[in-house]
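Reader: I would like a close look at a single part of this model, namely the second largest cavity. Please take me carefully through what lines it, and then through the elements that surround the description.

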Amino acid sequence: MMRKSLGVLAATGLLATAVAAPAAAQEGREVTIAEGDPILIGGYGPMTGPLGFLGLDWMIAVDVAIDEMGGELLGHPVELVREDGLCNPQDGGTAANALVANPDIVGVIGGTCSDEVAAGIKAITDADLTSISPSATRDAFTFPDRGPEFDGFMRTAFSDRFQGPEVAKFVVEELGLTKVATIHDGSTYSSGLVDTFKAKFLELGGEITREESVTAGVTTDMGPALTAIAATNPEAIYLPVFPNTGGFILQQVRGIEGLEETVMIGSDGLLVASFIDVAGPDVVGMYVTGGDSRRFTEDYDDFVAKYLELSGESTTLGPFHAHGYDAANMVFAAIEDVAVDNGDGSHTINLLDLRARVRATADHPGLTGTITCDEYGDCGVPLVAAYQITQAQVDEGAWPPEAVWPPVDE
């Protein structure tokens, strides 16, 4: 069944999110929402351009979560204030600063891309705001030594420190391959996944035959990088990049002598239908890793139906819609717990109390699974699958492709 109103769940004793006992009020910035005024949640990520689908995907999911509450929380309308971060550092920083400049925003969902987070998180943290990213997977963001600017960062996406090693296990243990070349696009996301993949792949006895980099949005001729890779005779190429860059690689790879049959493997940045459109027919047979929706909760199918109805979309979802939905509901549950009722229809929220409450989330019943956050903001349920693109995706637009690993018990 779909999620009930937070207020109804709490009143009936059915709210399954376990939290620590409330701490004493902190010296954080306070936001008061007057009677009739909306509770504002900021959201930043790409909304336009070639990667716009990544941000719009989880923003639609947040709309679903708001709609399920009847559009209200604590008697106030709930609104998502959107800023376009365009999946790059410059615009991501600008988007984050625009949200910080709005004194009525109480929490943030995003950024979508790791480059956006790297550029924007200090401003968010300094403003006492807390952001939950549905999709920024860079592992260093939740390292113990990450730096105080990340105190306001959390995520419902799984970390690259999980996905990269899972890709390595798939390559070695499932495909039986031990010689792999890598290509990254210079982004924080792409280079981070290559690093975590490489570490586990070497541990499993694999050999990295060549490491190449291209520039996202700039490099269109992949011939030099692919020719250099071909000279090392890899069995596979791992390319955790975004659709345009991945498309150029797939369009050109089979024309390079020695790479006609090389196995191609990408990650969640390519787990979108638009990749098929730019990659062309040689994408058939490629593997792409991402969140394993087979192992999401039983409410997931109902959520997808509501997502498609609300958005008017008739085709595909992106890779992080369920994570966006979970992020929204974590924020809403925390707001309901820490907001002070002033007795006149208004509510006051201490933003550092809100941060502490979100970070204390434990056993939250999300779409992606049961969510518990660690002290550094990692809340993502680590479920990764490998999908294989077939002719059905190219000819019929069927999406998503079938998951081929790991096996799931019937």
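Author: A cavity is here a set of points, on a 1 Å grid over the protein atoms alone, where a 1.4 Å probe fits but cannot get out, and its lining residues have an atom within 4 Å of a point. The points are joined across faces, edges and corners, and a volume is the space filled by probe spheres set on them. The model is predicted, with local features needing a pLDDT of at least 70 and side-chain atom pairs a pLDDT of 80 or more, while totals for chains, interfaces and linings use all residues. Residues are numbered from 1 along each chain as its sequence is written, and side-chain values use heavy atoms, with hydrogens and water left out.

When the whole structure is searched, two cavities of 30 Å³ or more are found, and the second largest has a volume of about 40 Å³. Its lining consists of Val 106, Gly 107, Val 108, Thr 130, Ile 132, Val 331, Leu 354 and Val 358. Sorted by class, these are six nonpolar and two polar residues, with no charged residue; Ala, Val, Leu, Ile, Met, Phe, Trp, Tyr, Cys and Pro count as nonpolar, Asp, Glu, Lys and Arg as charged, and the others, Gly among them, as polar. Both β5 and α12 (351–359) contribute at least two residues to this lining, and β5, with three residues, has the largest share. Helices (H or I, at least four residues) and strands (E, at least two) are DSSP runs, numbered from the N terminus.

For comparison, the largest cavity holds about 100 Å³ of space. Thirteen residues line the largest cavity, and Thr 112, Ser 135, Tyr 189, Phe 242 and Phe 320 lie nearest its centre. The lining of the largest cavity comprises seven nonpolar, five polar and one charged residues.

To place β5, it helps to follow the sheet that contains it. The strand order is β3-β4-β2-β5-β6-β7 in an open sheet of six strands with mixed pairing. Its edges are taken by β3 (72–73) and β7 (153–155), and because each has a single partner strand, one side of each is left without a neighbour in the sheet. Strands pair if DSSP finds at least two bridges between them. On that basis β5 (residues 105–110) pairs with β2 (residues 39–45) in the parallel sense over five bridges, and within this pairing Tyr 44 stands opposite Gly 110 of β5.

Strand β2 also runs parallel to β4 (residues 76–84), to which seven bridges join it; here Ile 41 has Leu 80 of β4 as its bridge partner. Further towards the edge, β3 pairs with β4 in the antiparallel sense over two bridges, and Glu 72 stands opposite Pro 77 in β4. These two strands form a hairpin with two residues between them, and Leu 74, in the turn, has a positive phi of about 55°. Beyond the other end of β4, in the loop between β4 and α3 (89–100), Leu 86 likewise has a positive phi, near 55°. Such values deserve mention because most residues other than glycine have a negative phi.

The other contributor named above, α12, leads to a second sheet. This one is open and antiparallel, with three strands in the order β1-β14-β13. The edge strands are β1 (30–33) and β13 (340–341), each with a single partner strand, so one side of each is left without a neighbour in the sheet. Between β13 and β14 (residues 347–350) there are two bridges, with the strands running antiparallel, and Val 340 has Thr 348 of β14 as its bridge partner. Helix α12 packs on the sheet and touches both β1 and β14, its direction making about 70° with that of β14; contact means heavy atoms within 4.5 Å. Axes are lines fitted to C-alpha atoms, for helices over the stretch in contact, and angles run from 0 to 180 degrees between N-to-C directions.

Elsewhere, helix α10 (residues 300–311) packs against helix α11 (residues 321–338) at an angle of about 95°, with the axes 11 Å apart. The two are therefore roughly perpendicular, a label given to angles of 65 to 115 degrees. Tyr 300, Phe 303 and Tyr 307 of α10 make the contact with His 321, Ala 322 and Tyr 325 of α11, which by class amounts to five nonpolar, one polar and no charged residues.

Definitions and conventions:
On a 1 Å grid over the protein atoms alone, a cavity is a set of points where a 1.4 Å probe fits but cannot get out, and a pocket is an open set with protein on both sides within 12 Å along at least five of seven lines; lining residues have an atom within 4 Å of a point. Angles under 35 degrees count as roughly parallel, over 145 as roughly antiparallel, 65 to 115 as roughly perpendicular and the rest as oblique.
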